[in-house]
Structures are given as C-alpha cells and as structure tokens.
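Colleague: I am new to this structure and would like some help in reading it. Could we go through a few features together?

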Amino acid sequence: MRNKFFSYRAVLSAAIISGCFSLLVGSLIVIDFVNREADTPVDTPQYVALRQQWIDDPTNVALEEEIRDLDLKLRKKYFRNRDFSRRGAIIMLYGILATLLFGKWAADLKRLIPSPTVKPPGPDEDEKLSRHGLIALAALAAGIVLVVVVMRQKDERLLPTTLTHARSTTESESDLGTAAAIPSSRVVVDDIPAPEVYARSWPRFRGPDGSGRSIHRQIPTHWDLESGEHVLWRTDLDLLPGNGSPIVFGEQVFLSGADKASCEVYCFDLSTGQLVWRREVEGRPASGDVELFADTGFAASTQATDGRRVYSIFADGTLVAFDFEGVQVWLKSLGVPQNSYGHASSLAVDQGQLYVQWDQGDEDDDLSKLYCFDGPTGDLVWDTPRPVSKSWTTPLVVELDSRRQVICIADPWAIGYAVTDGAEIWRVRCMEGTDGGASPVYENGLVFAGNDGDDLIAFQPTGSGDITEEAVRWRTDWGIPNICSPLVFQEWLLLVDSFGMLTCYDKVAGGEALWEHDLGTEFSSSPSSAEGRVYLFGDGGQVVIGTPAAEGFEIVSEQDLGERCVASPAFQPGRIIVRGVDHLFCFGTETVDEAVNPDQAGDDSRGGGASVAMAAPLDVAPLPDLPPPETFQTNWPSFRGLEGNGISEADQVVDGWDTLDEALWKTVIDLPGANSPIVWDDRLFLTGADPDQPAVRSVFCLSSATGELLWKTSIPSSTGDQVVKTSEATGLAAPTMATDGRLAYAIFPNGDLVALTFDGHVRWQKTLGLPENHYGHASSLAIATNGVLVVQWDQGRAKDKLSKLVAFDGATGELKWEAARDVPESWCSPVIISDGEKMQVIAAGDPFVAGYDLENGDEIWRVDCLKNAEVGPTPVYNENELFVTNDGADLSCIRLGGLGDVTESNIVWSSDWGGFPDICSLLATPDFVLSLDSYGLLSCFDRREGGEPLWEEDFLTDFNASPILVGDRAYLLGMDGDLYVIKPEREKCVRVRTSKLNETCVASPAVSQNRLFIRTAKHLYSFGMKADKASSTQRHNSREPIPPGANHADQSLQAPPVAQPKSRFLASRLRSERGETSAAKISSDE
Amino acid sequence: MALSLMIASAHAEVFPVPTFRDHAIPTPSVPDVDGYVLPIIDIAILVAALSLASYFTLVLRSRRYLLLLTLASLAYFGFYRQGCVCPIGATQNVALGFADANYVVPVTTVAFFTLPLIFTLIFGRTFCGSVCPLGAMQELVAIRSMTLPRWLEHSLGLVAYIYLGAAVIFAATRTGFLICRYDPFVSFFRMDGNNGLLVWGSIMMALAMVVGRPYCRFLCPYGAILRVLGAVSKYKLSIPPDTCINCQLCEDVCPYGAIHPPTSEQESESRKRGKLQLKWSLVLAPLIIALFGALGWFASISLANFHPTVRLANQLQLEELGVTEDYTEESEAFRNTGVPIAEQQDAADKIHHQFRTLGIWLGLWTGLVLATKIVYISVRIPRYDYQADRSGCVSCGRCYWYCPVEKQRLGLIDDVSELVQIDGAPRGTLPSSKPANAPQETSA
C-alpha cells in the first residue's frame, strides 16, 4: 500500500497538480491585475473626474464628502487587491515548491542511469581547455575592455576637470544677487551694446538680421593671395575643425571648432588676424554617440554674440557662453540630438536673449524645441515644443504685428513665436518632406522660406493660427536650394542651389524665374550682398562677385580662395572675413571711411541701420516729460502743422517780400530734400540726402531764430549703397519729419526710421524695410500730442497686402500697433485729429479714406471715395469735416462720425469738377475749399453749398508744395520759387502779393512764431516781422540762438507762453487729450 | 510566474496619502534590533548546518540528507531569515570594516563570513552544497542541467572574481553593497522587491533549470573565495569510496562540470606546445596585469559614478547644465539643505581621486585573475581516474548517488556490473533504496 501510495505515478501526478495549481493562481493574479481600473487609488478615472470637479468648484462640500468616501472605498479596494496578489503569490510559490519537490521525488523514483557516450580518441579535456581556454579568456578580456570603454563613454565625468570653474560659476551667479531671484519670465539684460552698434557688427549667421546683407562700404571686389593685394591677413586654422561662419563684434572675430573629444572657441583680432585666445569648453558632459554627417562635423553651427559674450553650440548639444576675455561664463547641455546629419542650426541673439532652434527626430517624436535663454546668466527663460522634424535652419527675430517674434522653419511648418513667452503666434505649412537646410529671410513684411523637395514660398506672417491659406503670396518649385539660404537683393529674391545655379525672382510678384545663371561650382555658403554687389563663395574656393539686374547677372569679378570654403562670409567696413577649411582670411583695405569704421561704433550719432528692429533705447539721459498739448499748436511739429491741414494760428505773418534781403535769415542746406521744415520753439528740423551717396542721409537742426546750423547728424542707410527707387522730385529725403518737443523723428524712402534728441543724438533707430513703392516712400510722419508717432506705410498693390499703418511710442520706438490696409502704394500723409471723444488717425488710399483709433489702430470708419487713385494729397480736416481728393477722383467733403463703412451716410457733398491735384494737398477755410493742381490751377469750391465750384485761377506754373493758410490768406509756393499770397473770396481770387525766391521749391512752407519758413533747393529762408514787431507778440523769437548742445530743459525754461487755441475744434481736441469728458466739452462750448 | 510575482510586489508603488481625512502618516522608525539571542541562534544554526553538511558529504556521503539539509537551510536562512545575514553579503561588511575604522562589523556578520571559510578550508565547499540559501534555490530548480564546455566554465568563472573585487571596493568606499543590491533571490525570500530585481531573479531561476547553479559558478563573489579555499581544503571529497572504475557516470551527472575525467597520454608535440604556452603565459602575466591596471585607471570615472555622492554631484551638475529639468528627490533634498553645490562637488572630486587608485587596484586584480587562469590552464596535471575539482565541487552529493562503486559499498548492488558493463556503458535503472537483504553500511 505504502509503495502504491508513493508510486511514481502518484508523485508525478502530485507534481503536475501542484504545477497546474501554481499556474492557475498565477493566472488569477494576472487576470485580477489586468481587470484593475488603475494602478493606484488616485489614478482611478472616477476619482480623477471628481477631483477635477472639486478643483473647479472647491466650495462644494457635498462633492468633498463624496470624494472622501470614494477615496476610502478605493483605498480599501486597493489594499484588498494587494493582499489578494500577495497571498496569491505566496500560495503560488508554495505551489511551485511543491511542484519542484514532487517533481524531484518522481525523478528520484524513476531515475535512469546516464548513458555516457564513448569518448573519442584525440586530445583530452585538459588539452582542449588549454587550447580553447586561451581564446575564451581572450574573449573575456576583450569583453571586459569593451564594457569599460562603453561605461566610460556613457559615464563621462560630468564635473569639470578642475572645480575652480564650477565654483567661480556658482559664485558669479550668486553675485548676480537679485538677478538670480528674478522669475524666469523676466529677462535680465545687462549692459549690452546699443542696437546700432549691434547692427553694424556681424553678430550672428548672415549678419545682424540674418539676411546676409551688409550695410558697410568699401568692400573689396578683388584680391590677390600671391601678391597680398587687398589681403589684410590670412591666419592658419591649425585648430579643431568647424564649418560655422565667422562672426565679428568690435575688434573680435569668433570661430568655433570641435571634434568628438573636445569643443573649442576661438577669438581672433580683427586688425591682425592673430589668435587672441583659444578655450576648450570645460565641464562638458559626455557626448556619447553623436550621430552626424562627416561633412557637418561637430562645430557646424555659427555662433552668436550680444556684444558682451559669445555663444557657441556644438553637435552634442553643448551650449556655452564665453565672455570676450575668454572666460567661460556658463555652460548648458541640451543632450545629444537625434539628427542624422548632426546639429547645424545656428544661434540667434536678440536684446539679451539667446534663441536655440533645437529640431530633432521626426515630426511626431515631440523632440523638437525652441529654447530661449537669458544671455548673461544662461537661465532658461522659456522653451516651447515644436511640431517639426529635425532641421538645420537658423531662426530669425523680427518685429511683426505689434510684437517681436522668433521665426523658425522646418518640415512641415514655419512658425512665429512670441519672444516674451514662446507662445506660437502663427504657422504656415512649408518645407514638407524636406531636410530643412536653407534658413528663412525676412524682408518688408514677407518671409521667404523653402527647401529643395518642396516649394519655396513668400508669405506674410500676420494673423494667428494656421495662416497658410491667406498668408502665402507666391510660391515656386524651381531653383530651390537645400543648403544656401535665400538673399533678398533690391527687388529680387536670389536663390543659389547646391549645384551653383543662381536663380532670380521678383521678390514681391514671384511668378516665373526672371533668369538663371550657372555659377559653375557647387555651393554650401549662403549668398551675401554689400555695396550693391552679391558675393558668392563656392565650395571649391571660387568666389563670384556680381551685380544682379532684371536682365541677368553681371559678374564684377571672380576670385579664388585657394581652398575649400563652406562658411558664409562676414562683413565689416572695408573688410570681408572668410573662413576656409585651412585659413581665416580678411580681405579689404587698411583705409576705411570713418563713417562706417567700427572704431566709431560708440558714436551713436552714426546709428546703423540694418533691418533688425532696434527698439531698445540708448543709454542716454532720461527724456523730459512731454510738452503740454497746447505747445503743439504754437509750433509746427509735422507736415502742414499739427493736424496736417496747413492752417496756422499765427496772425502776424508777412505776406511776401520785395527783395530777398527782407528775409530774416537764409541758410544754405547742402543736401537736397523735398521735405518741409518742422519747427519746435527755437529749433527747426529737416532732412537732406545726396542722391549720389545713398548710404548716408542727414538730419539738420537749425535755430529758427537765426538760421544757424546747430547740428547735422548723419544717418547711415540700412540698405547701404543700394539704390532705392525714388522719383527725381521726391529724392532720398522726401518725407517730412515730426517732433513731439522732445525728439525729432525722421523717416527715409528706404524705410529707415530714426529718433534724434534735440542735441542731435540718435535716440533709437529702426527700419520698416525697403518699401514696394515706385517713387520711394514719401509719406510724412504724423505725431500726436501724447507722443505717438504714426507712419502710413502704403506700398505695393492692394492685393499684396503690404500696406499698413504703424504706430510707435515716440520715446522708445516700441511698436504700439499696426493696422493692415487694403490699399496700394500712396504718398499722402496720415493726420491725427480729435473728434472730441477720441483721437483718430486719418489715412487715405485707393479706394478709401479711413479713421483709425490712435489707441489701438482699430479702424473706426471708412469712406470709399478715392477709387482708382494713387493718392498723393493728404486729407484735410477742419471743423469736423474732412476733405479728400485726388487726380481722377472726386473732391469729397466727409462728416466725421459713425462706425464702419459710412460712405452712404457721411459724404456731405462731392464734386466731380475735375482738375483735382495729385500732389498738393487741399486747403479748407471756413467757407471755401481750395484745390491746387500740379499745373497751377487753383479751384475754389463753396464749402457750405454742397461743394459748388466758385472760381478757378491759373498761376501758370507747376506746383508741388501744398498751400497753407494764415488767417484769411492762402500761401501758394510754386516750383519756380514764386510765392503767391491770395485771399479767396466768394466771387474771385484776390492776389495779395507775389514774391520771388528764384529757386526751385517743392517743399511746403512752415509757419511758426509768426515766421514763415521756406525750403528751396539749396536754402532755407525765414521771413517774418522784424524783431521789434515780433516781440510784441510775446513770442520768443527774439531770444538768443541756442548754442549747439544746449539741453532741452533749458529750452523749456525759455518756452514761449502757451497760446490759447482759437479754434473751437482744437479746443475740443485738447480736452480730449487731457482726458476730459464730453460733458466738459459741452460745458466749455457753452 | 515571474509576472505574477511582479504584480504581487507592485505595492512598492508609492501614491499620495489621503488628503481628505486626518490620516496619521507613519513616522519612519528604526527597526528593532534582534537582540543577542537571535544572532546567537543564527550562528549556532549555521555551525550546525555546516557541521551536518560536512558530515553528510564526507562521512555519510548521502545525497538525500544533503537535500533535506538544503531544504532546511533554504527555509531558515532563505525564507525565514530572508537571506540576511548571509556570508556572501557579509564579505562587504568585512571589507568596509577593514576600510573604515569607524564601522563596527557585527559579530554575527563576522561569524557568517568566517565560519564557512573555516569549514571550507577543512571540509571543502560544504557550505555551498547545502547551507547557502542562494545555492539551495538553484539546486532545487536544477531540472535538466546541460554541461558547459570547460573553457567556457573556466572563463565565465572569472567574472565572480572581478565581481568580488568590485564589491569589495564599492563596499570599502561606501559606494554601495553591490552583492546585496543585485542578489537575484532576495526578492523571492522577502516576497518583495522592485520589478528589475524580480526579473533578474526570474532570469537566474530559469537559467538554473538548464545550467547548474549559474549564480554560484559565475557570479558569486563569496563562492570565488571558497573556490580558492576549497582547492586547498584538508579533506577532500572522493567520488568512489574505493577504486574508480572510470565508468564516466559521475562526470555525466555532475551539473556543475566539477568532475574531470582522467587525462590521456599527451603527444610530444602537444607537450611542446603546452610548455611554450606556459612559458609565454608566465612572461605575459605581468604585462596583462599591468594592462588591466591601466584599464582600471581608465574605468575609474565610471566606477566613481556609482558612488552616491558623485551621483548626486553629477545630478546637480546636470541640473545646473540644464540637461535635466526635473530634480530628483536626492537633489531636491540636497538643495533644501542650503549646502553649496560646490561642497558636494568637492566631495565628489575626492571620491574621484580615491577611485583613481582603487580603479587601478581593481584592474590589477582583474589582470591577476586573468593571468593566473591563463597560467593555470597552461599547466597540465595528470589524472588517472575521475576526480572532483576541489575548487569547483559544491558538495551536492549527486555523484554519490550515481557511482556504481558507492552503490556497491552501500549494498544496493552486488557488483558494479549490474549498473555498468565492462566497457563502461551503463545499463538498467538506478536502485535508490537498499534491498532488504543488503548488508549494513560500515564506514565512509
């Protein structure tokens, strides 16, 4: 019985049963686990949902109780489950043990003797061990070595070799004190150089704005490496390899180089080319297996500098900042990117912030990011995920839609991010399925982005969300590069593909390629331009310098570096710095025009003008408060006076002269300009520009009392010597300046906008980009009494959607708002008026005139009355009525008021009498409207009687200057220099007096302090009462001229008494600006 | 099964304490010490187990008793004492005790470390055979063990020595108790542990079913010491109680490859080659040691990175570099202390320096082990019958069970020819119990 009970079969059955039991228990544990709702009680969906409800409604006591009960219930359930699993596991283990024991027992009961095989003759086991053992031990040794090497690669020492650096970094961070405690959203900007200094340097890939365009002059077009002609220096690059382009700031040229083992940053002397310092990045974490293309290398990205530190990034994600002395300031590691060619996106710096486009992996990998670091400290300001795949493009920083944006492109999106927090503003689909290598460029409201494999598109980066449908202006699939970035040159977009085909497009219209030019070599370097020439560096060292035109590409010269070159050049005054694989070259001349000499970088009166937005103020004394609104009326702060209607409040202005000796003074203005003078107290401002030297324009400041030239500041052009399209009449200094009594503002036909202090220093400077305008930008500036500066930036065709109204804070240059306008190019100026409630900007253009809220740019109303007209005359506002006209359109009188399109309701009257002006603005008196066309025909319309034409008077001469009204007399200034003073009456035109200047006159006269100021082709005249008479007016024109350099505070002390406004409408405007209510207005009117 | 165990141990997951009730969060407390009694009992049981194991191995030569002892040891040292203290882990305490004068090694630990060594020195590796709970786990699951080639056995066996060197260095520098951290069976003993450890233990268990005692043979650092001591033990296990009939049965049943067949006559050419190999082995030995010393220096940074101080400093550095945005609990705790990061980096730097020396020592040790093995396999020691490798034999007693001579001695068979033919080919089933008419056992 006993033997039977413990028979082999019984024991084996017991083993099988216990095995099955263990399996069953194990399965139950797994099934129980799978059926659980969540890993932990707090992950249960029901609990999570209730918690969310409670977060939304924290005062809900009943809900709170419900959650408590559920929490308890879930926890009990959880621990029950856990106990179940634990007990199950113990039972299972015992089951397994039983299985093993019974199994062994069973085996023991039926144990078979092994059946050893007969050992074959030959070497015995020891000999085999002796032979094979050696190989096995060698394999083991190799395995140990391999493990150590892998460990070493993965576990590179993270700490710096010497801890001195780490301590110094920590100390320096702690030294920052409050800076370290500043929330990450706030950016610490230390004393970074002034924007214009930055604009004149070459601080990042393709220059300050990433466009590849240089503002510098005297750039060489040929050199000879053998004779040394125009070779300033050539430095051996016996350093670590790198493909990044040189960047330049002041006297320093920076490069980076790296291999798998180390990363280095180099600083060279710009004057001599000598290596000033060479620093290896310390404390760099292990690079691991960096995936990269051999041609890309470990240092493919171009560095960037903010003028105080140079920032470098390497293929393994090492991001490092060195100061200009070569001290490592901070170090970050972004980790090794998943990028098959290796990381090659260059860095961008803007206003103390460093931007890193960190694209990697595929679109769906969620690996790509845009980082923003605080330059001085390296603190992360923000980062934002990017829904794109790996790329090698470089970000741009531009100011658009009232805010600064970082524009990044990669497959499949171009995206604009707010610099403040990295929030996405807009996105445009582009570069789909491509290896994005060509970086975007921005020019005058258009971004050009594309890569071989998909279309290149020109799009307008405005709006929000996916704006692909409405933003893309044109696209092309021909000649698209995959490495070299595009170049905007004058009105063309130039593309260079890797095989050396140079393709030209109309940058605005796009369409078919205008021409192609085979450069005959391969290209990796992006094209650049300087002094109206394009510089192209081929991979083999061939250099092609040429001039693109509408017809084709004209080669100026062909040079040779004598070695391979894949980096893009850097430009400085008179110099071009090029990185070859073996040498760093500097070509140029020792003698450099001081106007663009980097030694003058600190001279802010020579503010640079690259198309970077440069809104940061210079480190100058604080501005005084804005003068009271009344003082705007007593001065002549903008084109045709404060409201742009040409009406002066003066009452003692001379009506002419017999001889020019009667002029109070006459001053030579040595640069031509079509702009009118503006006057504030004792200062008179105007601009001038030599058409033969487009690179420099000047702002003049004269004493309005004596005509003495107080100062003259040269403003370098952001477009360098590039020819700007203008007409002969408008020239390079057509728009009239504006002033708010603290700063004088000037705009030039190429879009450069500058603010100068009253002692001639540049306060800020920026550019709106080169406008699409047949005659060049000629619209004058408008200034509001609250210091808001308005630019009417109409250009191109209406369908191009390039036109806009732009408002800046005059003091800082910060963009306040932009308002898009569906109008083509125009030359009329905006006017700022008050309707008693709020201040409006009124701007005309084909086909409408509209009023915009000065606060935010919102369009308030519009009237369609200017169809098919390239509007030249500025709208005239007077006594709640607006008068607009243009050659080819009617003369319309519009009543202000209403919202939206008020064409039907607000046109008081319109006249199609004809002969309306295309240049000169209207003049509105209380009873008449005067229209002066370019041929000298003055037409008078009855303002009160529906615009009935009353009379015409032909002055038989051409007119460009707009008439002004002083009292009841109109001043008409002909191009031949004759001044006609007339008194319009209902029946006829009474000619009061005609005076001659005998010089060409195109600028409108200005009146201030009872003085008449007239600009001729070469002079500025002032006419007025003699001093004894003028003194009785209690104006200040008798005081001594203000010497140059006198500050504004002194002037304020001597400011004339504030005149009371005579116009009731002006009074209402002043009340509006003071913030008084309409009730107060009624009271005042009463 | 492993999955089930992982699920069962999943309560290691941490989740927030209740937030809506007055939940009393348990205060962390130091577990009660065992007092004096339990350690003494532990030591006494260990001594008893070792004595019994030696007795069963050398005197009774009983596989069955050894198995029972194995089960008992597994139950007590494994599941009851949850694998701690064990002589394997005690190696680290002793190493730390030598390295750090402030560290007092408990008597129990010293006893657990030294007693098996003493017993091994006298009786061979009887501890491994039936006292060690880790060995017991593997012994019990060894269902069908394959025989590994000796060259593989000898090479993989060196890993245990390298592991021993690393474990000693890590323990001495307070880097961590590697042996305990990667004990594959402790999670089974405790019914606890992280998933990684459970998977590691499951892999080792599964491997042990087809490869005899993989942990003991190729990884166990304590086993590495015992192997050396076992080779010079006073008493040694003899497979046949009498003259070996070279039936080859024992070699085939030993799952640990610890029984070596008799050597054959070597040809003169082979002898020459062997001598040349030995000569070169002796010449190259110092070079190998030096090379591995250099390799140890090269590996020192990686070794140092295991140290918690260095790990924390590295983590802080990564956080400072921006490589990682998330703080770990350690780094957050450190930052809360207000201690400057530089201090932590200083401490880490010292440890880096320390490891530079220790890395060289570990390299030299590895080189020495390799060089010794190269010399060892180059030396030929003639054998005239089947012999247990004294260093490799874990005294499991399997060979007794199969040895026809032993069966004959026990009276289970009358003549060895009942089990094996004259030409050595076995036949029949193995008698496992003594016949009623069998004579009484006399002596070992």
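Modeller: Gladly; we will take sheets, a surface patch, some backbone details and then the second chain. Please keep in mind that this is a predicted model.

Colleague: Let us start with a sheet. What is the strand order in the open sheet of 4 strands in chain A?

Modeller: The order is β1-β33-β32-β31, and the pairing is antiparallel. At the edges are β1 (231-236) and β31 (570-572) of chain A, each of which pairs on one side only. On average, neighbouring strands of this sheet are turned by 15 degrees against each other, with direction ignored.

Colleague: How many bridges join β32 to β33 of chain A?

Modeller: There are 5 bridges between strand β32 (residues 575-579) and strand β33 (residues 583-588) of chain A, and the two run antiparallel. To find one on the screen, look for Arg575(A), whose bridge partner in β33(A) is Gly588(A).

Colleague: Now a single strand. Which way do the side chains of β45(A) point?

Modeller: The general idea is that side chains in a regular strand alternate between the two faces of the sheet. In this case, Val788(A), Val790(A) and Gln792(A) point one way from β45(A), while Leu789(A), Val791(A) and Trp793(A) point the other way. Strand β45 (residues 788-793) of chain A is mostly covered, with 6 of its 6 residues buried.

Colleague: Which strands are joined to β45(A) by bridges?

Modeller: Strand β44 (residues 782-783) of chain A is joined to β45(A) by 2 bridges, in an antiparallel arrangement. Here Ala782(A) stands opposite Val790(A). The hairpin of β44(A) and β45(A) has 4 residues between the strands, and Gly787(A) in this hairpin takes a positive phi near 85 degrees. Strand β46 (residues 804-809) of chain A also runs antiparallel to β45(A), with 6 bridges joining them. One pair to look for is Trp793(A) with its bridge partner Lys804(A) in β46(A).

Colleague: Moving to the surface, which residues form the nonpolar patch?

Modeller: The patch consists of Phe6(A), Tyr8(A), Leu12(A), Ile16(A), Trp105(A) and Leu109(A), with about 490 Å² of accessible area together. Two elements of chain A, α2 (8-34) and α4 (61-109), give two or more residues each, and α2(A) gives the most, with 3 residues.

Colleague: Tyr8(A) lies in helix α2 of chain A. Why does Tyr8(A) count as partly exposed?

Modeller: The partly exposed class runs between 20% and 50% relative accessible area. Tyr8(A) belongs there because its relative accessibility is 32%.

Colleague: Where are the cis peptide bonds that I should look at?

Modeller: One runs from Asp411(A) to Pro412(A), with omega near 5 degrees; Pro412(A) sits in the loop between β15 (403-410) and β16 (413-418) of chain A. Another joins Asp846(A) and Pro847(A), with omega about 15 degrees. Pro847(A) is in the loop between β49 (839-845) and β50 (848-853) of chain A.

Colleague: And is Asn1010(A) buried or exposed?

Modeller: Asn1010(A) is buried, because its relative accessible area of 3% is under the 20% cut-off. Its phi is positive, near 60 degrees, although it is a residue other than glycine.

Colleague: Finally, how many helices and strands are there in chain B?

Modeller: Chain B has 21 helices and 2 strands, and 54% of its 444 residues count as buried. One residue to look up is Arg213(B), in the loop between α11 (195-210) and α12 (214-218) of chain B. Arg213(B) has a positive phi of about 40 degrees and is buried, with a relative accessible area of 0%.

Notes:
Residues are numbered from 1 along each chain as its sequence is written. Chains are lettered from A and ligands numbered from 1 in the order in which they are written. This is a predicted model: local features need pLDDT of at least 70, side-chain atom pairs count only at pLDDT 80 or more; totals for chains, interfaces and linings use all residues. Side-chain values use heavy atoms; hydrogens and water are left out. Two strands pair if DSSP finds at least two bridges between them. Axes are lines fitted to C-alpha atoms, for helices over the stretch in contact, and angles run from 0 to 180 degrees between N-to-C directions. Patches are made of residues with over 30% relative accessible area and no salt bridge: like charges are joined within 9 Å, nonpolar side chains (Val, Leu, Ile, Met, Phe, Trp, Tyr) within 5 Å. Accessible areas come from the Shrake-Rupley method with a 1.4 Å probe; for residues, only the protein chains shown count as cover. A salt bridge is a side-chain nitrogen of Lys or Arg within 4 Å of a carboxyl oxygen of Asp or Glu. Buried means under 20% relative accessible area, exposed over 50%, partly exposed in between (1.4 Å probe, protein chains only).
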